[in-house]
Amino acid sequence: MSRPLRKLLDKAGMAVCVLLLVSPALLFFLWMLSLSLKFEIDNGAYPPILIPERFAWKNYTTIFEGNSFLLYFWNSLIVTGAATLFALLVGVPAGYGIARMQAHKSAVVIMIARMTPGLSFLIPLFLLFQWLGLLGTLWPQIIIHLVVTVPIVIWIMIGYFETTPMELEEAAMVDGATRWQIFAKVALPIAKPGIVVAFILSVIFSWNNFVFGIVLASRETRTLPVAVYNMLSFEQVSWGPLAAAALVVTLPVLILTVAAQRQIVAGLTAGAVKGG
Amino acid sequence: MSILTSSGRVAGAASVGRTKRLRPSYWPFVVPALIVVVGVIVFPWVFTLWMSAMEWRIGEEQRFVGLQNYVRLATDVRFLEAMAHTLVYTALSVVAPLVLGTAAALAFNTKLPARGLLRGIFVMPMMATPVAIALVWTMMFHPQLGVLNYLLSQIGIGPLQWVYHPSTVILSLVLVETWQWTPLVMLIVLGGLASLPTEPYESAQIDGATAWQRFRYLTLPMIKPFLMVAVIIRSIDALKSFDILYTITQGGPGTASETINLYLYSVAFTYYDVGYGSAIAVVFFVLIILLSLVLLHLRQRSAWNSGDGK
């Protein structure tokens, strides 16, 4: 076999390989989309139908009509937004401090936190929230989501500040700038890409969190994952609206994943982070 | 972080000289986060430990019972079964993604067209909302109407009962877990592959080594630290797995797929026996701490390798 031909075959083989590897994800989400756009009769058909003759757009309108879905969307937005912003507020300076002090031992706490099952935080905090009379508001969920978001932010920011060049900070120090000035004017602007990574991952893992919500959320304070789960358990199970709801919940995350895949990959390989 | 970037963390190695000059008084930066961490992370740990020594049901009088909850655990058949399920589930959920993830990383490490987009799609399962994908898997597992049995029937297999039968339920859940987390292993190993030197491959090429030999005797030994990290992270995540299991089976049928985490949930939030639940949490915790010690050991070793000795 001639060399160019062999090279071409190698390449084609690799491409087939990767297509094979990508197809489980691709086919799954296509099927999810298909389920969400079919009427019950098509979803119950055998053999299964991938592309129906008539699209059931009403599956999407149904979920927004009957289920206070907008309220749950809003709850998710508040919980994830507040928990992420607060985590950035305390976590970015902390990451900076830990990196500059070279206090690598302190990162152990963060690492163990990331390894602790979310449920073991829930029992004591549930009792605490009950005692404080906070159950029924969004506060318990905002606070407990910090268990997910704060370690992610600190973890990523330590790594990022360890890699940012020190020369500018040293120069500023020689010029008599205070530590806070150096942090705000020199270190922070350089660390923007790191903050973006921390923000994205924090948002995704907080948005996806389910276990805190099933224990802490009441009827009015459900976040989206809990709301979708409740559709499965308490209502007559019809696949179309259920799949539509599932897709709506995870769509923001999927879009973010494909759009910001470079940052996400960088963040994940930095710490192999996963929340709660 | 530097757990994974043993050779990637060049700047870390360059930081040796700066240590002394900029060390003092960065505490004010850390204090706010410290307060949060103590409040929502350290306090729950300590409180859980204390509760595990109590007989404590929500709404009832609590009293100190010492180690009685732990003694009860040792003879609790449902707990021991949950432990066995957890170990089987974890072992399978480590091995399958490890093999597939490594293969995927090898494929992604070549010059592919639209590599970024493909990687983005590949990573989607692990980023998607677990509850949402679990619902779709539940529909796909349906013995009569599910698409999986239809696909299997096309190649003459089945129909299987998937998550609806005790003998197949754990394997089916491992399938979901593998589908979801193979991308993470892929990313970790891909990071390892990117850091490999090219010289050994050039000499191997000259010596006429086959592709398999190059993988077996060059690549595999060199990416071993990354594989170890993947194994540990995967073990911890599989042990902790909750959303998928809870949404798809809730530990059923019966208790055939009940893991420690699901049992912990039932005890604490279905029976409201938070004292006993805390004891389960502590045992679970110890299991994971042991694993994290191994991880720390690895982290240190990889830091030494990169020459900055921290």
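**Exercise 1. Confidence in chain A**

Find the average pLDDT of chain A and the elements of chain A with the lowest and highest mean values.

Solution. Chain A averages a pLDDT of 87 in this predicted model. Of the residues in chain A, 95% score at least 70. Next, go through the elements of chain A. The lowest mean pLDDT, 77, belongs to helix 5 (residues 107–115) of chain A. The highest, 94, belongs to helix 4 (residues 69–101) of chain A.

**Exercise 2. Annotated spans**

Compare the UniProt "transmembrane region" annotation with the secondary structure, using two spans from each chain.

Solution. Start with chain A. The unreviewed UniProt entry lists residues 12–33, 72–96, 108–132, 138–161, 195–217 and 237–259 of chain A. Residues 12–33 of chain A are 100% helix and 0% strand, and their end C-alpha atoms lie 29 Å apart. For residues 195–217 of chain A, the span is 87% helix and 0% strand, with 30 Å between the end C-alpha atoms.

Now take chain B. Its UniProt annotation, also from an unreviewed entry, includes residues 178–196 and 217–236. Residues 178–196 of chain B are 89% helix and 0% strand, and their end C-alpha atoms are 26 Å apart. Residues 217–236 of chain B are 100% helix and 0% strand, with end C-alpha atoms 29 Å apart.

**Exercise 3. Chain B and its contact with chain A**

Describe the make-up of chain B, then the side of chain B that touches chain A.

Solution. Chain B has 13 helices and two strands. Of its 310 residues, 45% count as buried. Among contacts in chain B with a separation of 6 or more, 72% come from residues 24 or more positions apart.

The contact between the chains takes 81 residues from chain B and 88 residues from chain A. On the chain B side, helix 2 (residues 27–51) gives the most, with 14 residues. By class, this side of chain B has 57 nonpolar, 16 polar and eight charged residues.

**Exercise 4. A helix pair across the contact**

How do helix 13 of chain A and helix 5 of chain B cross, and which residues meet?

Solution. First, the geometry: the axes of helix 13 (residues 239–259) of chain A and helix 5 (residues 115–127) of chain B come within 9 Å and cross at roughly 145 degrees. The crossing is right-handed. Second, the residues: helix 13 of chain A brings V253(A), L254(A), T257(A) and V258(A), while helix 5 of chain B brings G120(B), V123(B), M124(B) and M127(B). Third, the classes: this contact has six nonpolar, two polar and no charged residues.

**Exercise 5. Two loop residues**

Decide whether T129(B) and A56(A) are buried or exposed, and list what each touches beyond four places in sequence.

Solution. T129(B) lies in the loop between helix 5 and helix 6 (130–141) of chain B. T129(B) is buried because it has 25 C-beta neighbours inside 10 Å, and the cut-off is 20 or more. T129(B) touches W207(A), N208(A), P225(A), V249(A), T250(A) and V253(A).

A56(A) sits in the loop between helix 2 (40–43) and helix 3 (58–66) of chain A. With 21 other C-beta atoms within 10 Å, A56(A) is therefore buried too. A56(A) is in contact with L37(A), K38(A), F39(A) and G240(A).

Finally, set sequence separation beside distance. A56(A) and S36(A) are 20 residues apart along the chain, with 7.7 Å between their C-alpha atoms. T129(B) and I157(B) are 28 residues apart in sequence, with 31 Å between their C-alpha atoms.

How values were computed: Residues are numbered from 1 along each chain as its sequence is written. Chains are lettered from A and ligands numbered from 1 in the order in which they are written. This is a predicted model: local features need pLDDT of at least 70, side-chain atom pairs count only at pLDDT 80 or more; totals for chains, interfaces and linings use all residues. UniProt positions are given in the numbering used here, feature names are shortened, and annotations may be inferred rather than shown by experiment. Helices (H or I, at least four residues) and strands (E, at least two) are DSSP runs, numbered from the N terminus. A residue is buried if 20 or more other C-beta atoms lie within 10 Å of its own, exposed if 12 or fewer, and partly exposed in between; C-beta atoms are placed from the backbone. Two residues are in contact if their C-beta atoms, placed from the backbone, lie within 7 Å. Ala, Val, Leu, Ile, Met, Phe, Trp, Tyr, Cys and Pro count as nonpolar, Asp, Glu, Lys and Arg as charged, and the others, Gly among them, as polar. Axes are lines fitted to C-alpha atoms, for helices over the stretch in contact, and angles run from 0 to 180 degrees between N-to-C directions. A crossing is left-handed if the near helix is turned anticlockwise from the far one by less than a right angle, and right-handed if clockwise. pLDDT is the predictor's confidence in each residue, from 0 to 100.
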